[in-house]
Amino acid sequence: QGAPKPFSEVIKANIGDAHAMGQTPITFLRQVAALCVCPELMASSAIPNDAKERARRLLAVCGGQSVGSYSASPGIELVREDVARYIQRRDGVPARAQDIFLSTGASDAIMSMLKLLVSGSGPSRTGVLIPIPQYPLYSAAITELDAVQLNYYLAEERDWALDVAELRRAVAEGRKRCCPRVLCVINPGNPTGQVQSRECIEEVIKFAYEEKLFLLADEVYQDNVYAEGSAFHAFKKVLFQMGPPYSEVVELASFHSTSKGYMGDSGKTWNSPFDSRASPGNGVGWGGMGWDGIDGMGWDEIGELGWAVPSHPAVPQEKSAVLSALAHKARLTQEVFNRTPGIHCNPVQGAMYSFPRIELPPRALAAAK
């Protein structure tokens, strides 16, 4: 209404929309995607040969060499093979293309898994354990599928730690009204920004084994780890390294996406990989036009590059720049919140969010009463 305000603009910071906030796209990925959608660009000398070779490799396995053709339900096999190689490099344990499913973003993959896991009625209805605070996708999906939401609360006073004793409480209470079947873990945390330790992940896997729970590991922020001493550990890696009986019995589906991390292509999640082997299961939801973990194909696989300056070697520098900027913003956000009277914010260890506590002044509370 034209009334003066002590600020000049409002920034929407309630959602992980990286490019809307100015994050720079990864050049190589954009070039490959553009070439796949518009092969006529192959004739352009402005696009390097390494991007053209990658695009030709992808188009060769598309029906009619067009990305507009249908593919198998789990996604293009070549892309799934690339994803499996990426997971194997990341974890140091075997990964198979037949365990990978591509989806239109990790959210669709999570929804598909929940549809498979929800059944029964009354006391036998599927109960789904989700962390609180949580990413609203989970509560919305549980409501839509008429499953039973079982909340387990993260410990704010311990930097949003996940406590197995709290999981036990949630399961015990849940059994009074449903059949707990699914345990969702978000790591790094959304919206709390914590990064689970390896010890914590081992305890969660043991708990899932004891309680016969299917694990859903939301790991879309695995590249976003900032705090000194923190490190990302994939649930699949930990599960396999724990060995029998856990690696033979625990069922796991994990999820990843190009819409987050250092890519941030939230508006173009054409394919998101989701790696799921039923028993034992190990999964991942993934996004992107032929993305293979960025570090992807070695020079021996790319071939001769010709005269054009290649884009692929620039990926590590671009990735590092994006993650460094995010780490700086994480520290800045935490510092600004904690300098503000009445606000406390835990260290932002990872992901793209902070979750501050606002202490309402006594007189404000008295006025509200």
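**Entry 1. Terms and overall picture**

I note first the cut-off that I shall need: a residue is buried when its relative accessible area is under 20% and exposed when that area is over 50%. The model I am reading is a predicted one.

I applied the cut-off to Asp146. Its relative accessibility is 55%, so Asp146 counts as exposed.

I then looked up the chain as a whole. I found 12 helices and 10 strands in the chain. Of its 369 residues, 51% count as buried. I also looked up how contacts are spread along the sequence: among those between residues at least 6 apart, 66% join residues at least 24 apart.

**Entry 2. Two residues with positive phi**

I returned to Asp146 for its backbone. Asp146 is in the loop that runs between helix 5 and strand 3 (148–153). Its phi is near 55 degrees, which is a positive value in a residue other than glycine.

I looked up Lys212 next. Lys212 is not a glycine, yet it has a positive phi of about 60 degrees. I located Lys212 in the loop between helix 7 and strand 5. The relative accessibility of Lys212 is 70%, and the residue therefore counts as exposed.

**Entry 3. Helix 1**

Which residues of helix 1 are buried? In helix 1, residues 27–37, I listed Phe28, Leu29, Gln31, Val32, Ala33, Leu35 and Cys36 as buried. An α-helix has 3.6 residues a turn, so residues three or four places apart point the same way. I then asked what these buried residues pack against, and found helix 2 (49–59) and helix 11 (315–339).

**Entry 4. Two cis peptide bonds**

I recorded the bond from Ile132 to Pro133 as cis, with omega near 5 degrees. Pro133 belongs to the loop between strand 2 (126–132) and helix 5 (137–144).

I recorded the bond from Asn187 to Pro188 as cis too, with omega near -10 degrees. Pro188 sits in the loop between strand 4 and helix 7.

**Entry 5. Asn187 and Thr192**

I stayed with the loop between strand 4 and helix 7, where Asn187 is also placed. Is Asn187 buried or exposed? Its relative accessibility is 0%, so Asn187 counts as buried. A polar atom of the Asn187 side chain lies 2.7 Å from the backbone nitrogen of Gln196. Beyond residues up to four places away in sequence, I found that Asn187 touches several residues, among them Gln194, Ile201, Asp218, Glu219 and His233.

I then moved to Thr192, which is found in the loop between strand 4 (179–186) and helix 7 (198–211). Thr192 has a relative accessible area of 4% and is therefore buried. Its side chain makes a polar contact of 2.4 Å with the side chain of Gln194.

Which residues does Thr192 contact when its neighbours within four places in sequence are left aside? I listed Pro133, Leu154, Trp160, Tyr353 and Phe355. Pro133 is the residue that ends the cis bond from Ile132. I looked up the separation of Thr192 and Phe355: 163 residues in sequence and 5.2 Å in space, C-alpha to C-alpha.

**Entry 6. Glu219**

I located Glu219 in the loop between strand 5 (214–218) and helix 8. With a relative accessible area of 1%, Glu219 is buried. Leaving out residues up to four places away in sequence, I found Glu219 touching Arg90, Asn187, Phe232, His233, Ala234, Phe235, Ser254, Phe255 and His256. Asn187 is thus a residue I had already examined, in the loop between strand 4 and helix 7. I also noted that Glu219 and Gly189 are 30 residues apart in sequence and 8.6 Å apart in space, C-alpha to C-alpha.

**Entry 7. Helix 7 against helix 8**

Two packed helices are described by the angle between their axes and the distance between the axes. I looked up both values for helix 7 and helix 8 (residues 235–242): the angle is about 70 degrees and the axes are 10 Å apart. Angles of 65 to 115 degrees count as roughly perpendicular, and helix 7 and helix 8 are therefore roughly perpendicular to each other. Their crossing is right-handed.

Which residues meet here? From helix 7 I listed Arg198, Ile201, Glu202, Val204, Ile205 and Lys206, and from helix 8 Phe235, Lys237, Val238, Leu239, Gln241 and Met242. The residues of this contact divide into 7 nonpolar, 1 polar and 4 charged. I had met Ile201 among the residues touched by Asn187, and Phe235 among those touched by Glu219.

How values were computed. Residues are numbered from 1 along each chain as its sequence is written. This is a predicted model: local features need pLDDT of at least 70, side-chain atom pairs count only at pLDDT 80 or more; totals for chains, interfaces and linings use all residues. Side-chain values use heavy atoms; hydrogens and water are left out. Buried means under 20% relative accessible area, exposed over 50%, partly exposed in between (1.4 Å probe, protein chains only). Helices (H or I, at least four residues) and strands (E, at least two) are DSSP runs, numbered from the N terminus. Contact means heavy atoms within 4.5 Å. A polar contact is a pair of N or O atoms within 3.5 Å; within protein, one must be able to donate a hydrogen and the other to accept it, and residues adjacent in sequence count only if both atoms are side-chain atoms. Axes are lines fitted to C-alpha atoms, for helices over the stretch in contact, and angles run from 0 to 180 degrees between N-to-C directions. Angles under 35 degrees count as roughly parallel, over 145 as roughly antiparallel, 65 to 115 as roughly perpendicular and the rest as oblique. A crossing is left-handed if the near helix is turned anticlockwise from the far one by less than a right angle, and right-handed if clockwise. Ala, Val, Leu, Ile, Met, Phe, Trp, Tyr, Cys and Pro count as nonpolar, Asp, Glu, Lys and Arg as charged, and the others, Gly among them, as polar.
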